[in-house]
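User: I should like to go through the reasoning behind several descriptions of this structure. Please set each value against its criterion.

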Amino acid sequence: MREELRIIVSGGGTGGHIFPAVSIANAIKSQHPEAEILFVGAEGRMEMQRVPAAGYPIKALPICGFDRKHLLKNIAVLFKIWKSRRMARKIISDFRPMAAVGVGGYASGPTLNVAGAMGIPTLIQEQNSYAGVTNKLLAKRADKICVAYDGMERFFPKEKIILTGNPVRQGLLENTKSREEALADFGLLPGLKTVLLIGGSLGARTLNESVLANLTAISASGVQFIWQTGGYYFAHIQEQLKLKGQPDNLFVTDFIAKMEDAYAAADLVISRAGASSISELCLLGKPAILVPSPNVAEDHQTKNALALVDKQAALYVKDDEAVDKLIGLALNVIRDADKLSALGRNIKAMAFTDSADRIAEEVCKLAVAYRENRD
Ligand SMILES: CC(=O)N[C@H]1[C@@H](OP(=O)(O)OP(=O)(O)OC[C@H]2O[C@@H](n3ccc(=O)[nH]c3=O)[C@H](O)[C@@H]2O)O[C@H](CO)[C@@H](O)[C@@H]1O
């Protein structure tokens with residue numbers, strides 16, 4: 001009897017890498033229920049909780065990024081890379097995968113590099129419109145490169161590129177809750193327009209400061225807000241709200257576990273321009289104002305945002321102008337029904353609906369071909 005497909009999925013660090021990885025794994029399982037999938041992540045990072053919660057086993061590598069400010073600390077990083085490569089080799093020898101998928105983030109570097117060197121086919125998925133360093137290095141040896149934006153041949157060999165879009169969690173598309181039910185869950189009123197503020201999976205300082213600086217305007221607006229602060233900022237914000245007074249029309253939380261409910265409740269979304277957030281907004285056709293993070297590699301969020309802004313599919317506020325302009329702009333836009341519906345229509349036109357399935361098909365093709373050649 002033929003052996004079941006065995007596939008490694010590697011990467012993580014933030015929700016933006018982990019959620020697509022889980023979606024790809026789920027799509028592989030639905031196409032090949034017998035497939036065995038093993039994740040490889042980075043010690044202490046978000047994937048070590050989120051991946052087991054999604055029902056998959058995960059192994060950890062002691063990998064982290066280079067410290068660009070304290071150069072001496074990088075001696076320890078070099079040692080960790082060396083150790084991670086050795087561990088990746090052992091994991092691959094034990095698990096005997098037929099293909100390896102990298103979704104970006106620290107762990108995918110050593111894992112895919114070693115897999116490639118051991119002759120195992122590799123596929124990388126680049127979520128952003130500007131390729132990350134790890135993926136650029138891995139591209140030389142990768143068999144397939146799945147991307148979400150046009151023009152990625154600037155970074156990758158053209159013949160390996162497949163335009164699939166970013167996989168989005170299934171739950172977001174299967175949501176059956178009405179806007180009214182979702183609003184009730186947040187303790188908000190059905191008759192009022194609602195703005196959802198999300199700062200990526202970790203929260204965004206600038207979005208938080210923009211809310212704190214505009215509490216009076218928010219309170220008087222007749223619009224209600226769902227505000228995700230991020231875990232790191234939450235305690236400080238609660239203290240500030242105690243001092244300044246929390247408006248009744250402002251729901252505050254550190255992290256939203258059920259994003260499908262938050263999107264169902266929202267008439268307008270203010271968001272960082274992380275790749276997964278953008279793909280979700282496209283699929284759901286949500287009018288959005290994007291405030292790209294200036295603190296990410298090669299300013300890739302600005303490039304993600306501009307890909308939409310160029311097609312009138314989203315509005316854009318620069319990070320350093322957000323505290324002054326963002327809330328005022330949001331309150332104007334949400335009262336402009338024509339603007340909202342044009343933004344919603346244009347962003348929906350940029351959606352990819354079957355990304356996870358298409359990527360899973362490519363991974364399985366590589367794995368099946370490897371198994372046939374080997375047997
Ligand atoms: C700060 C940083 O380095 N961000 C990068 C990170 O994304 P990061 O994880 O910050 O952001 P993304 O927008 O890609 O993904 C956020 C994900 O978290 C979910 N979510 C968010 C808030 C919440 O309360 N609950 C929740 O479930 C969103 O629905 C989405 O699925 O990787 C992305 C993909 O390479 C990059 O484009 C981002 O620039």
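User: Which residues does F234 touch, not counting residues up to four places away in sequence?

Analyst: In this predicted model, F234 touches T229, V252, T253 and D254. The criterion for such a contact is heavy atoms within 4.5 Å. F234 belongs to helix 10 (residues 234-244). One of its partners, T253, is 19 residues from F234 in sequence, with a C-alpha to C-alpha separation of 7.5 Å.

User: Why are helix 3 and helix 4 called oblique to each other?

Analyst: The axes of helix 3 (residues 74-95) and helix 4 (residues 108-117) cross at roughly 55° and come within 9 Å. Angles under 35 degrees count as roughly parallel, and those from 65 to 115 as roughly perpendicular. The crossing angle of roughly 55° fits neither range, and the two helices are therefore oblique. The crossing is right-handed.

User: What makes up the contact of helix 3 with helix 4?

Analyst: Helix 3 contributes S84, R85, A88, R89 and I92, and helix 4 contributes P110, T111, N113, V114 and A115. By class, five of these residues are nonpolar, three polar and two charged.

User: What makes the approach of E280 to the ligand a polar contact?

Analyst: A polar side-chain atom of E280 is 2.5 Å from a ligand oxygen atom, and the limit for a pair of N or O atoms is 3.5 Å. The pair therefore qualifies as a polar contact. E280 is also among the nearest of the 24 residues around the ligand, along with G16, N128, S277 and H300.

User: How far from an oxygen atom of the ligand is the backbone N or O atom of I256?

Analyst: The separation is 2.7 Å for I256. For T14, a side-chain N or O atom is 3.2 Å from a ligand oxygen atom.

Key:
Residues numbered from 1 in each chain as written. Predicted model: local features only at pLDDT ≥ 70, side-chain atom pairs only at ≥ 80, totals over all residues. Heavy atoms only, no water. Axes fitted to C-alpha atoms, helices over the stretch in contact; angles between N-to-C directions. Helix = DSSP H or I, 4+ residues; strand = E, 2+ residues; numbered from the N terminus. Parallel < 35°, antiparallel > 145°, perpendicular 65-115°, else oblique. Left-handed = near helix turned anticlockwise from the far one by under 90°. Nonpolar A, V, L, I, M, F, W, Y, C, P; charged D, E, K, R; others polar. Near = heavy atom within 4 Å. Polar contact = N/O pair within 3.5 Å; in protein donor to acceptor, adjacent residues only side chain to side chain.
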